[in-house]
Amino acid sequence: MSPTTNETDRAKAIVKSFYDGGAHGRITDFADQLDEAFELFVPAYLPWGGHFDKAGYVDLLPGVAGALDFTRLDYLSFTAEGGHVVALIEIGVQGTDRTIIISEHWDIANGKALRLRVAYFDPKVLLDQIAAQPRG
């Protein structure tokens with residue numbers, strides 16, 4: 001059975017609400033749209049890399065927003081089929097005029113985000129900026 005247009009549109013709206021919240025300084029407001037069984041997978045070379053549950057994801061979001069400038073986010077591609085959404089984004093690196101590209105693969109079911117798998121393309125500028133930040 002093929003996914004319905006309504007299911008696809010709802011999934012896209014849920015994912016877009018995450019990026020919109022980040023752009024407006026409300027990145028953790030997305031928590032109510034996460035399923036209790038939510039899982040996040042991020043490359044281990046990032047300070048926030050690893051496999052996280054819902055609480056772990058919400059806890060790390062402020063740090064991600066401190067490193068990535070959601071006000072400088074552009075969609076290079078935004079596609080969905082049923083509950084699977086892929087956002088290929090270009091996003092600013094805080095404290096620089098540079099950007100990086102990130103591919104985010106979301107799985108949405110029953111109106112909630114179930115899973116997010118993230119791939120960073122050429123993250124050197126981000127890693128350099130993180131390394132340059134004072135530790136406190």
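**Exercise 1. Sort the residues in the lining of the largest cavity by class: how many are nonpolar, polar and charged?**

Solution. Go through the lining class by class: there are 15 nonpolar residues, no polar ones and one charged residue. Bear in mind that this is a predicted model. Next, find the charged one. Phe18, Tyr57, Val64, Glu104 and Tyr120 are the lining residues nearest the cavity centre. Glu counts as charged, so with a single charged residue in the lining, Glu104 has to be that residue.

**Exercise 2. How many cavities of 30 Å³ or more does the structure have, and which element gives the most to the lining of the largest?**

Solution. Start with the search: over the whole structure, one cavity of 30 Å³ or more turns up. Its volume is about 130 Å³, and 16 residues line it. Now look at where the lining comes from. β1 (34-42), α2 (54-67), β3 (68-81), β4 (84-93) and β6 each chip in at least two residues. The top contributor is α2, with four.

**Exercise 3. Compare the span of α1 with the expected one, then work out which elements cover its buried residues.**

Solution. Take the ends first: α1 covers residues 5-23, 19 in total, and runs 27 Å from first C-alpha to last, close to the 27 Å expected at 1.5 Å a residue. Then pick out the buried positions, meaning those under 20% relative accessible area: Thr8, Ala11, Ile14, Val15, Phe18, Tyr19, Gly21 and Gly22. Phe18 also lies among the residues nearest the centre of the largest cavity. Their cover includes α2, β3, β4, β5 and β6. Just past the helix, Gly25 has a positive phi of about 75 degrees.

**Exercise 4. Trace the pairing of β4, β5 and β6: in which sense do the strands run, and over how many bridges?**

Solution. Begin with β4 and β5, which pair antiparallel over nine bridges; here Ile89 sits opposite Ile102 of β5. Five residues separate the two strands in their hairpin, and Gly95 in the turn has a positive phi of about 80 degrees. Move on to β5 and β6: again antiparallel, again nine bridges. Glu104, met earlier at the cavity, has Val118 in β6 as its bridge partner.

**Exercise 5. Where does Asn110 sit, and is Asn110 buried or exposed?**

Solution. Locate Asn110 in the loop between β5 (99-109) and β6 (112-121), a hairpin with two residues between its strands. Check the backbone: phi is near 55 degrees, positive although the residue isn't glycine. Finally, the relative accessible area is 81%; the cut-off for exposed is over 50%, so Asn110 is exposed.

Note on methods:
Residues numbered from 1 in each chain as written. Predicted model: local features only at pLDDT ≥ 70, side-chain atom pairs only at ≥ 80, totals over all residues. Heavy atoms only, no water. Buried < 20%, exposed > 50% of the residue type's maximum accessible area, 1.4 Å probe, protein only. 1 Å grid on protein atoms, 1.4 Å probe; cavity = no way out; pocket = protein on both sides within 12 Å on 5 of 7 lines; lining within 4 Å. Points joined across faces, edges and corners; volume = space filled by probe spheres on them. Expected span 1.5 Å × (residues − 1). Contact = heavy atoms within 4.5 Å. Pairing = 2+ DSSP bridges.
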